[in-house]
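Hello! Here are my notes on the structure you shared, set out as numbered points so that you can follow them beside the viewer.

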Amino acid sequence: MNKKRLAAAGIVALGLMLTSSIVFTVAWYNGASNLSVNSFNVRLADKELEISTDDIEFKEILTEDDLEKVERYKPVSSAFSSEWINSKELKPQFVEGYSDPMSNIVTSRGDVNIAENGFFSQTLYLKCNSIAKVSFDKENTYVKPDVEKNEEVATKIAHKYPNLTHEQIVENLNNIVNSLRISLLVLNDTDSESLDDYTYKIIDPTKQGTTKLGGVLDTDLDGYYDSFDNKEVIYGEVYNATDSTLVYDEEITSDESASTSNSQFDASHQKGVRPLNLDASKNGGVEIATEESLSLDELDDFSFDLQADVSKKIVLSLYIEGWDLDSVNYTMYSRFLTNITFKLADGGK
C-alpha cells in the first residue's frame, strides 16, 4: 500500500472579536458579557479529507455563512458534564453562572441552569476516501491574542481603568486566550445508530496546571466574597459539601478594604462573615471537581476512526470556561485568533 501523506482539515476562526457591553458588568456570573464573533471559517488543507455541516454537501472550505451564528459569547462552564456524558447526550451541555445565593452551599447540578447560548457548538461531519485514523494536529492548533487589535482596544477603554497603564490593559486583554476552550464530541458513523465511539474531549490550548470547577466567589464584584447567613458561600461542582464537612474560620471582626482586582476569584473577606477554610474542608472530605482537559502536548493521545467513504458525526464547540481564573471582566473587550486542525494520522490503518 502506498504510504498516504498526512492530510489536514483546519478549522480556523480568524479575527474573533470580543466586544464590550455598554454597561460594565460581571463577565462570568451574571452572563451579561457582550462577546461576538467577526468571522469563523472552516478550511480543509487536503482533498482526501472532507467536511460538511449537513452530511450531504461536503466541501474543502466552510465559510462563516455555512456555520451557525453566535450573536454573543459569554463565559459558561463544563462543570457537571459527567451527567450528560453518562446519558450519551447528542450535544454538550454547558452551564451558566449563579444568581444571588439562597444558601451557603450552592454545589448541586440543580443550582445552575443549562446555557442555551453564548458559545459555539455545531454538528459537523468528517469523511475520508479510505479507512483512516483522525487526530488533532497540535502543530497547527492554537489560540493567540490579536495583539494589534488589542492595542487599539486598550486605547479606547483606558478611561474605564484609570489605575492601570496602557501596557497592563493590553496584557489583561491578551489573557482572554487562557480561558478559551475547544471541545469535541465524537458520536457515530452516519450509517449506524450506535454510539459505540461516543467520547468527549476538552482541549485547553494554553493549559498551565488545572482548573477547579468550584470555590468561593465574589459574583457581584463588590470586592468581597459572597456570604449567606454570615458564612462564605461555596459554589460549583463540589462533592461532600455539608454543614458538618465545611470548615469555617472565626468571624472577621475588623474592616478589610474591598478588593479592586476586578476578579470574582480574588476578593476580600467581609466584616461579620466567617471565611471558608477550603484546605481544612478538603482534609475533611470536601472535593472540588477538576476540569478534565488536554493540553496541546497531549493531543497525540486522542484519535478517532473513519471508515472508507462513511462520514463520522462530531460536535465541535468553542467556549470560554467561566471557572478559569483568567475569566474576568477585562476579557469582554478582547480580540483573539484561534486555529483548530485535524489530521489523518499515520497514513490511516
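**Notes on the buried charges and their surroundings**

1. Let me begin with an arginine. R181 has a relative accessibility of 0%, so it counts as buried. Please keep in mind that this is a predicted model, so please read every value here as computed from predicted coordinates.

2. Which residue forms a salt bridge with R181 at a distance of 3.5 Å between the closest N and O atoms? The partner is D204. R181 belongs to strand β9 (residues 180–189), while D204 sits in the loop between β10 (199–203) and β11 (214–215); the pair therefore ties together parts that are 23 residues apart in sequence. D204 counts as buried because its relative accessibility is 4%.

3. R181 also meets the side chain of E291 in a salt bridge, at 2.7 Å from N to O. E291 is placed in the loop between β16 (287–288) and β17 (293–294) and R181 in strand β9, so this pair ties together parts that are 110 residues apart in sequence. With a relative accessible area of 4%, E291 is buried.

4. These contacts belong to one network: R181, D204, E291 and D324 are joined by salt bridges that share partners. For your own inspection, R181 is a handy place to start, as it is buried and pairs with D204 as well as with E291.

5. How many salt bridges does a search of the whole structure find? The search finds nine. One more that I would look at is K74 with E96, whose side chains meet at 3.0 Å from N to O. This pair links distant parts of the chain, with K74 in the loop between β4 (61–62) and α1 (81–86) and E96 in the loop between α1 and β5 (105–106), 22 residues apart.

6. Are K74 and E96 buried or exposed? K74 counts as buried, because its relative accessibility is 12%. E96 has a relative accessibility of 23%, so E96 counts as partly exposed. The cut-off for buried is under 20%, which is why the two residues of this pair carry separate labels.

7. On the surface, E148, E151, E152 and E167 gather in a patch of negative charge. Helix α2 (residues 147–156) gives the largest share of this patch, three residues. E167 has its place in helix α3 (residues 166–174), and it counts as exposed because its relative accessibility is 57%.

8. Helix α2 also holds N150. This asparagine has a relative accessibility of 0%, so it counts as buried. Which residues does N150 touch, leaving aside those up to four places away in sequence? They are P145, V170, L173, N174, S334 and R335.

9. Two backbone angles deserve a look. D55 has a positive phi of about 65 degrees although it is not a glycine, and D55 lies in the loop between β3 (49–52) and β4. Its relative accessible area is 26%, so D55 is partly exposed. K88, likewise not a glycine, has a positive phi of about 55 degrees and is found in the loop between α1 and β5. With a relative accessible area of 40%, K88 is partly exposed.

10. A short remark on helix α1, where S82 has its place. S82 counts as partly exposed because its relative accessibility is 35%. Between the C-alpha atoms of S82 and Q93, eleven residues apart along the chain, the separation is 10.0 Å.

11. Finally, some totals for the protein chain. It has four helices and 20 strands, and buried residues make up 54% of its 349 residues. Of the contacts with a separation of 6 or more, 78% are between residues 24 or more positions apart. The chain exposes about 16,100 Å², with carbon and sulfur atoms supplying 43% of that area.

Definitions and conventions
Residues numbered from 1 in each chain as written. Predicted model: local features only at pLDDT ≥ 70, side-chain atom pairs only at ≥ 80, totals over all residues. Heavy atoms only, no water. Patch = residues over 30% accessible without salt bridge, like charges linked within 9 Å, V, L, I, M, F, W, Y side chains within 5 Å. Areas by Shrake-Rupley, 256 points an atom, 1.4 Å probe, with all protein chains shown as cover. Salt bridge = Lys/Arg side-chain N within 4 Å of Asp/Glu carboxyl O. Lys, Arg positive; Asp, Glu negative; His and termini not counted. Charge placed at Lys NZ, Arg CZ, Asp CG, Glu CD. Buried < 20%, exposed > 50% of the residue type's maximum accessible area, 1.4 Å probe, protein only. Contact = heavy atoms within 4.5 Å.
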